[in-house]
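This report describes a single protein chain, beginning with its overall make-up and then turning to its aromatic residues, a helix pair and several individual positions. The sequence and the model are shown first.

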Amino acid sequence: MTDPDSPLATAPRLGTPERVARQRELLTLDAFYDSHRTLWLRYATLQVGDRDQAARLVRAVRDQLAQDWEQVLRRQSVPEYAWAALKDHIHGWLAERGRLPVMADTAAFHAAVRKLLLPEHQDGFEVLERELGLYSAIGELTERQSDVVVLRYVLHAGDHDIAAYLGTTADAVRAHVAHAKARLALRLRTAPGEQP
């Protein structure tokens, strides 16, 4: 029997193995969340136009992850699942309010897309921006291509991080960038009202 005055008798209990396992899981969740939160917040802010609301949406994603973290860890790609959850929360918030994403109205978005386009198409870019609208051209990209453009050129994410969010490879990300650039360049060469 342990002496009641010994340090072992007064040491706090660590808890059951299940509780210890859950605490470890939450530590991995916190580490995952901390490593992605900034990019998620910047993306959500681009979409909803309000940093405080974006922060609430990002916390809602964290809460969703925490609720199902054990199952989330069993998924093929945790970043891909979390990215999809973030986009779902944003789309739900926008739909509830009958709003569209505000990203196209931001100077950062316009500056990033200008960098995306080849220098020889700058005149075409001005026509596209004025006549067709920049967002409509980006909106014609596939969802993957649009995500890649935003993640790479607006949020400055690396190809490996983008690949993790999209559940693909860095080579596939580079291919999506090439296809997006080609589609935008084709759109720039097409006069307003014409079919490419």
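## Overall architecture

Read from one end of the sequence to the other, the chain follows the pattern α-α-α-α-α-α-α-α-α-α-α. The model is a predicted one, and its secondary structure comes to 11 helices and 0 strands. Of the 196 residues in the chain, 40% are buried. When contacts between residues at least 6 apart in sequence are considered, 66% of them join residues at least 24 apart.

## Aromatic residues

A pair of aromatic rings is described by two quantities, the distance of the centres and the angle of the planes. With ring centres required to lie within 6.5 Å, the count comes to 5 aromatic pairs. In one of these, the rings of Phe-32 and Trp-69 have centres 5.8 Å apart and planes at 40°; the pair is classed as tilted because this angle is neither under 30 degrees, as stacking would need, nor over 60, as an edge-to-face arrangement would need. The pair links distant parts of the chain, since Phe-32 belongs to helix α2 (residues 17-48) and Trp-69 to helix α4 (residues 69-73), with the two positions 37 residues apart in sequence numbering.

Both partners are removed from the surface by the cut-off of under 20% relative accessible area: Phe-32 is buried at 11%, and Trp-69 is buried at 2%. Phe-32 and Trp-69 also belong, together with Tyr-33 and Trp-40, to one aromatic cluster. Within that cluster, the ring of Tyr-33 has the charged end of Arg-62 sitting over it, 6.0 Å from the ring centre.

Helix α2 also holds Leu-46, which counts as buried at 10% relative accessibility. Leu-46 and Pro-101 are 55 residues apart in sequence, yet their C-alpha atoms are 7.5 Å apart in space.

## The pair of helices α9 and α10

Helix α9 (residues 143-154) packs with helix α10 (residues 159-166) at an angle of about 140°, and the two axes are 10 Å apart. The crossing of α9 and α10 is right-handed. On the side of α9 the contact is made by Arg-144, Asp-147, Val-148, Leu-151 and Arg-152, while α10 contributes Asp-159, Ile-162, Tyr-165 and Leu-166. By character, the residues of this contact divide into 5 nonpolar and 4 charged, with no polar ones.

In the loop between α9 and α10 lies His-156, which has a positive phi of about 60° although it is not a glycine. What is the exposure of His-156, buried or exposed? At 55% relative accessibility His-156 counts as exposed, because the value is over the 50% cut-off.

## Individual positions in α9 and α10

Asp-147, found in helix α9, is a charged residue that nevertheless counts as buried, with 7% relative accessibility. Leaving out residues up to four places away in sequence, Asp-147 touches Tyr-43, Trp-83, Lys-87 and Leu-166.

Leu-166 lies in helix α10 and is buried at 3% relative accessibility. With residues up to four places away in sequence again set aside, Leu-166 touches Glu-80, Trp-83, Arg-144, Asp-147 and Val-148. Trp-83 therefore appears in the contact lists of both Asp-147 and Leu-166. For Leu-166 and Trp-83, the separation is 83 residues in sequence and 7.7 Å in space, taken from C-alpha to C-alpha.

Ala-163 is likewise placed in helix α10, and at 4% relative accessibility Ala-163 counts as buried. Apart from neighbours within four places in sequence, Ala-163 is in contact with Thr-168, Thr-169, Ala-170 and Val-173.

The table sets out the C-alpha separations of three residue pairs.

| Residue pair | Separation in sequence | C-alpha to C-alpha distance |
|---|---|---|
| Leu-46 and Pro-101 | 55 residues | 7.5 Å |
| Leu-166 and Trp-83 | 83 residues | 7.7 Å |
| Ala-163 and Arg-174 | 11 residues | 9.5 Å |

How values were computed
Residues numbered from 1 in each chain as written. Predicted model: local features only at pLDDT ≥ 70, side-chain atom pairs only at ≥ 80, totals over all residues. Heavy atoms only, no water. Phe/Tyr/Trp six-rings, centres within 6.5 Å; stacked < 30°, edge-to-face > 60°. Helix = DSSP H or I, 4+ residues; strand = E, 2+ residues; numbered from the N terminus. Buried < 20%, exposed > 50% of the residue type's maximum accessible area, 1.4 Å probe, protein only. Lys NZ or Arg CZ within 6 Å of the ring centre and 35° of its normal. Axes fitted to C-alpha atoms, helices over the stretch in contact; angles between N-to-C directions. Left-handed = near helix turned anticlockwise from the far one by under 90°. Contact = heavy atoms within 4.5 Å.
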